[in-house]
Structure formats: structure tokens, C-alpha cells
Amino acid sequence: MANLKKVFQLIEKNRKEMIELQKELTKIPAMAPQNGGDGEWEKSQVLMKWLDKCGIPNVERINAIDERVSSGR
């Protein structure tokens, strides 16, 4: 529970930045190809840049290969 409390404190401390991140992520369409979209690659790139900017190390990304989208992932 102590770790969860720390997470909530971090979120509250960075409330403005979290809202801005959510706005940026919401702007980017991320629908599956079967629904007429191009997947989530662009959205994941924005999130990865944000995490890097925040100094969050060792983010593990697992790509799902998908030939139906322009990124191939």
C-alpha cells in the first residue's frame, strides 16, 4: 500500500503535466485495422517520448507485428 500511496502522490504533484499528456494521447486516433484505424504505434511513440523526458528508465516495449498497419507493428 505504501507504493500505491507514492504513486498517487506523484500523480497529484504532477497533475498539470498528466492532464497535458492525456490531452496529447487523446488527440491521436488509435483504432485497430478491423475498425478502420492504423493501430496504436503513433500513440505509443508519444508516450515513450514522454516517459524518456520524465527520466523513467528501462521501459520495456513489446511490439506486436501487424502487416495491416503502416508501421508494421
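## Exercises on a predicted three-helix chain

Beyond its neighbours within four places in sequence, Gly 37 touches Met 31 and Ala 32. The model is predicted. The exercises start from this residue.

**Exercise 1.** Place Gly 37 in the chain, and decide whether the residue is buried, partly exposed or exposed.

*Solution.*
- Step 1: find the element. Gly 37 sits in the loop between α2 and α3, where α3 covers 41–53.
- Step 2: read the accessibility. Gly 37 has a relative accessibility of 23%.
- Step 3: apply the cut-offs. Buried means under 20%, and exposed means over 50%. Gly 37 therefore counts as partly exposed.
- Step 4: look along the chain. Val 69 is 32 residues from Gly 37 in sequence, and their C-alpha atoms are 8.0 Å apart.

**Exercise 2.** Do the same for Ile 62: give its location and its exposure class.

*Solution.*
- Step 1: Ile 62 belongs to the segment after α3.
- Step 2: its relative accessibility is 70%. The limit for exposed is over 50%, so Ile 62 counts as exposed.
- Step 3: take one distance. Ile 62 and Arg 73 are eleven residues apart along the chain, with 9.7 Å between their C-alpha atoms.

**Exercise 3.** List the secondary structure in order, then work out whether the chain is spread out or compact.

*Solution.*
- Step 1: count the elements. The protein chain has three helices and zero strands.
- Step 2: read them from the N terminus. The order is α-α-α.
- Step 3: compare radii. The radius of gyration is 15 Å, well over the 11 Å that the globule rule gives for 73 residues, so the chain is more spread out than a compact globule.
- Step 4: add the box. Along the principal axes, the C-alpha atoms fill roughly 40 × 25 × 25 Å.

**Exercise 4.** Describe the burial, surface and charge of the protein chain.

*Solution.*
- Step 1: burial. Of the 73 residues, 11% count as buried.
- Step 2: surface. About 6,300 Å² is exposed, and carbon and sulfur atoms supply 55% of it.
- Step 3: charge. There are 13 positive and 11 negative side chains. The centres of the two sets are 8 Å apart.

**Exercise 5.** Which helix has the highest confidence, and which element the lowest?

*Solution.*
- Step 1: start with the whole chain. The mean pLDDT is 90, and 99% of the residues reach 70 or more.
- Step 2: go to the elements. Helix α2 (residues 15–27) is highest at 94. Helix α1 (residues 2–13) is lowest, at a mean of 84.

How values were computed
Residues are numbered from 1 along each chain as its sequence is written. This is a predicted model: local features need pLDDT of at least 70, side-chain atom pairs count only at pLDDT 80 or more; totals for chains, interfaces and linings use all residues. Side-chain values use heavy atoms; hydrogens and water are left out. Helices (H or I, at least four residues) and strands (E, at least two) are DSSP runs, numbered from the N terminus. The radius of gyration is taken over C-alpha atoms; the globule rule is 2.2 Å times the number of residues to the power 0.38. Buried means under 20% relative accessible area, exposed over 50%, partly exposed in between (1.4 Å probe, protein chains only). Accessible areas come from the Shrake-Rupley method with a 1.4 Å probe; for residues, only the protein chains shown count as cover. Lys and Arg count as positive and Asp and Glu as negative; His and the chain ends are not counted. The place of a charge is taken as NZ of Lys, CZ of Arg, CG of Asp or CD of Glu. pLDDT is the predictor's confidence in each residue, from 0 to 100. Contact means heavy atoms within 4.5 Å.
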